[in-house]
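Reader: I am new to this one. Please take me through the terms used for it and show what each rests on.

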Amino acid sequence: MRGGIAERGGVRVGHRIIEINGQSVVAMAHEKIVQTLSVSVGEINMKTMPAVMFRLLTGQETPIYI
């Protein structure tokens with residue numbers, strides 16, 4: 001959400017969280033990711049990538065060549 005706590009913490013709008021504290025969350029349901037983050041205490045380390053790139057890498061979309 002634009003202006004939300006995640007964006008203030010460095011997560012960009014349109015990015016997908018792929019790892020939390022060294023644990024892959026690629027196949028994890030959104031609700032489970034929210035749960036994981038909500039019970040985390042202290043520093044949280046996340047890896048993200050643009051959602052478009054994520055969908056291409058996971059085969060959810062196919063590239064369009066011009």
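Author: What follows is a set of short questions about the labels, each answered from a value and a cut-off. The model is predicted.

Reader: How do you know how confident the predictor is in the protein?

Author: The average pLDDT is 87. The scale runs from 0 to 100. In addition, 100% of the residues score at least 70. Confidence is lowest in helix α1, residues 5-8, at a mean of 77. It is highest in β2, at 94.

Reader: What makes up the pattern of the protein along the sequence?

Author: There are 3 helices and 3 strands. Their order along the sequence is α-β-β-α-β-α. The C-alpha trace spans about 45 × 25 × 20 Å along its principal axes.

Reader: How many of the 66 residues count as buried, as a percentage?

Author: The share is 17%. To count, a residue must have under 20% relative accessible area.

Reader: Why is M1 called exposed?

Author: The relative accessible area of M1 is 84%. Exposed means over 50%, so M1 is exposed. M1 lies in the segment before α1.

Reader: Which residues does M1 contact, leaving aside neighbours within four places in sequence?

Author: They are E7 and V13. A contact needs heavy atoms within 4.5 Å. As for V39, that residue is 38 residues from M1 in sequence and 20 Å away in space, C-alpha to C-alpha.

Reader: Why is T48 called partly exposed?

Author: Its relative accessible area is 32%. Buried is under 20% and exposed is over 50%, so T48 falls in between. T48 sits in strand β3, residues 46-50.

Reader: What makes the link between T48 and H15 a polar contact?

Author: Their side chains are joined at 3.5 Å. The rule asks for a pair of N or O atoms within 3.5 Å, with one able to donate a hydrogen and the other to accept it, so the pair qualifies. H15 is also one of the residues that T48 touches, along with V11, R16, I17 and I18, not counting residues up to four places away in sequence.

Reader: How far is T48 from G10?

Author: Their C-alpha atoms are separated by 9.9 Å. Along the chain they are 38 residues apart.

Reader: What about K47: why is it called partly exposed?

Author: K47 has 48% relative accessibility. The exposed label needs over 50% and the buried label needs under 20%, so K47 is partly exposed. K47 is also found in strand β3. Beyond its neighbours within four places in sequence, K47 is in contact with R16, I17, I18 and E19. K47 and V11 are 36 residues apart in sequence, yet 9.0 Å apart in space, C-alpha to C-alpha.

Reader: How much of the contact total comes from residues 24 or more positions apart?

Author: They account for 51% of the contacts with a separation of 6 or more.

Reader: Which residues make up the largest nonpolar core, and what makes them a core?

Author: The members are I17, I20, V25, M28 and I33, 5 residues in all. A core is a set of buried residues of the listed nonpolar kinds, joined through side-chain atoms within 4.5 Å. One member, M28, touches R16, Q23, I33 and T36, not counting residues up to four places away in sequence.

Reader: What is unusual to note about the phi of N21?

Author: Phi of N21 is near 50°, a positive value in a residue other than glycine. N21 is in the loop between β1 (15-20) and β2 (23-24).

Reader: Why is N21 called partly exposed?

Author: N21 has a relative accessible area of 44%. That is neither under 20% nor over 50%, so the label is partly exposed.

Reader: What volume has the largest pocket, and which residues are closest to its centre?

Author: The volume is about 630 Å³. Of the 21 lining residues, A6, V11, I17, L37 and M46 are closest to the centre. The elements giving two or more residues to the lining are α1, β1 and α2 (30-39). Of these, α2 gives the most, with 4 residues.

Reader: Last one: what makes the pair Q60 and T58 a polar contact?

Author: Their side chains are joined at 3.1 Å. The limit is 3.5 Å, so the pair is within it. Q60 lies in the segment after α3 (51-57). Q60 also touches F54 and R55, not counting residues up to four places away in sequence.

Terms used
Residues are numbered from 1 along each chain as its sequence is written. This is a predicted model: local features need pLDDT of at least 70, side-chain atom pairs count only at pLDDT 80 or more; totals for chains, interfaces and linings use all residues. Side-chain values use heavy atoms; hydrogens and water are left out. Buried means under 20% relative accessible area, exposed over 50%, partly exposed in between (1.4 Å probe, protein chains only). pLDDT is the predictor's confidence in each residue, from 0 to 100. On a 1 Å grid over the protein atoms alone, a cavity is a set of points where a 1.4 Å probe fits but cannot get out, and a pocket is an open set with protein on both sides within 12 Å along at least five of seven lines; lining residues have an atom within 4 Å of a point. Grid points are joined across faces, edges and corners, and a volume is the space filled by probe spheres set on the points.
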